[in-house]
Amino acid sequence: LTAAQIMKNSGEIVALDCYAGRVKLIEEQAALEGVTIVKAVVADATDYDEGTLFDRVLCDVPCSAYGEIGSKPELRYKKPPKDGELTATQAKILANGARHTKVGGRIVYSTCTLNTDENEQTVAAFLRENPSFRAVTPKLSLAFMETDDKFAYFLPNMQNNEGFFIASLERIC
C-alpha cells in the first residue's frame, strides 16, 4: 500500500499471498486508504504465472524472522530450519519473480532476518544462475542501516529498529 501511495495511486500492483485471510486484509486496508491500483490475489509466489512482466517485483519472502527478536522474544526458542526447505522456498520465489521482471526492471528481495543462508547466499546463488541480473546497491540512507557494494542491512538497535536485509537486482538483458 505504501508503494501505491508513492505511485500516487497510478499504475498497477499485483499483491500475492497464499492465505485468503491475508488477501482479504490487503483488500480491506486498500479500500480504507482509497488505494485502487492493488489487485490482491490468493496465489503461491513460487509458481504464480499470469504471463505479465513488471517494472518492479518485490519478493518479501518467508524467513526465519530472527531480525524481529526484539519485538517477538519467543523467536529465541525457535530452532532454525536445517533441511534447506526455507531457503529453497526463498530461491523459488526469487526465481519466479525474475521470470516476471522486464529488462531494465528490478527485483527487491527482502527478509526480516540477518541470516546469511537466507540472504547473501540465496542472492549469490541466484546471481550465479541468472547472469541477466546484477546486484545494485539500494539507494537508501538511514542511521540504522548499513550498505556494502550490493546489499542493505537494517540493523537492530535501541530505537526499536529490527533487522532486515534488502537486495536490489536489476535485469540487464
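Which residues have the most contacts inside the largest nonpolar core? In this predicted model, they are I107, Y109, V123, F126 and L169, within a core of 23 residues. Several elements contribute to this core: β3 (54-60), α3, β4, α4, β5, β7 and β8 each supply at least two of its residues. I107 gives a good view of how these parts come together. Not counting residues up to four places away in sequence, I107 touches V57, C59, L94, G97, A98, T101, F126, F133, A167, S168 and L169. Apart from this assembly, there is a second, separate core of seven residues, among them A4, I13, V35 and I37.

Helix α4, which spans residues 120-129, is a helpful place to look next. Its buried residues are T122, V123, F126 and L127. Seen down the helix axis, these residues fall within an arc of 130 degrees, so they line one face of α4. R128 and E129, on the other side of the helix, are exposed. The cover over the buried residues of α4 includes α3 (85-99) and the strands β4 (101-111), β5 (133-136), β7 (151-154) and β8 (164-171). Two of the buried residues of α4, V123 and F126, return in the list of residues with the most contacts inside the largest core.

Aromatic side chains add further detail to the picture. A search of the whole structure finds five aromatic pairs. In one of them, Y109 and F165, the ring centres are 6.4 Å apart and the planes stand at 75 degrees, so the pair is edge-to-face. This pair links distant parts of the chain, with Y109 in strand β4 and F165 in strand β8, 56 residues apart. Both Y109 and F165 are buried. Another pair, F154 and F164, has its ring centres 6.4 Å apart and its planes at 90 degrees, so this pair is edge-to-face as well. F154 belongs to strand β7 and F164 to strand β8, so the contact ties together parts that are 10 residues apart in sequence. The partners can be told apart by their accessibility: F154 counts as buried at 12%, whereas F164 counts as partly exposed at 30%. Ring pairs also link Y109, F151, Y153 and F165 into a cluster.

The loop between β7 and β8 contains N161. The C-alpha atoms of N161 and F144 are separated by 7.5 Å, and the two residues are 17 residues apart along the chain. Beyond residues up to four places away in sequence, N161 touches F144, L155 and P156.

Turning to charged side chains, the structure holds six salt bridges. One of them joins R134 and E170, with an N to O distance of 2.5 Å. This salt bridge links distant parts of the chain, R134 lying in strand β5 and E170 in strand β8, 36 residues apart. R134 is partly exposed, with a relative accessible area of 40%, while E170 counts as buried at 14%. A second example, between E28 and K24, has its closest N and O atoms 3.7 Å apart. Here both residues lie in helix α2 (residues 20-33), four residues apart, or about one turn of the helix. Both ends of this bridge are partly exposed, E28 at 41% and K24 at 49% relative accessibility. K72 and E68 form a further salt bridge, in which the closest N and O atoms are 3.2 Å apart. K72 is partly exposed, with a relative accessible area of 34%, and E68 counts as buried at 14%.

How many disulfides does a search of the whole structure find? The search finds zero. For C59, the closest cysteine sulfur is that of C63, 13 Å away, which is too far for a bond. C59 counts as buried, at 3% relative accessibility. C112 is in no disulfide either, and the nearest cysteine sulfur, again that of C63, is 3.2 Å away. The cut-off matters here, because a disulfide is a pair of cysteine sulfur atoms within 2.5 Å. C112 is buried too, with a relative accessible area of 15%.

Technical notes: Residues numbered from 1 in each chain as written. Predicted model: local features only at pLDDT ≥ 70, side-chain atom pairs only at ≥ 80, totals over all residues. Heavy atoms only, no water. Buried < 20%, exposed > 50% of the residue type's maximum accessible area, 1.4 Å probe, protein only. Arc of directions from axis to C-beta. Contact = heavy atoms within 4.5 Å. Core = buried A, V, L, I, M, F, W, Y, C linked by side-chain atoms within 4.5 Å. Salt bridge = Lys/Arg side-chain N within 4 Å of Asp/Glu carboxyl O. Phe/Tyr/Trp six-rings, centres within 6.5 Å; stacked < 30°, edge-to-face > 60°.
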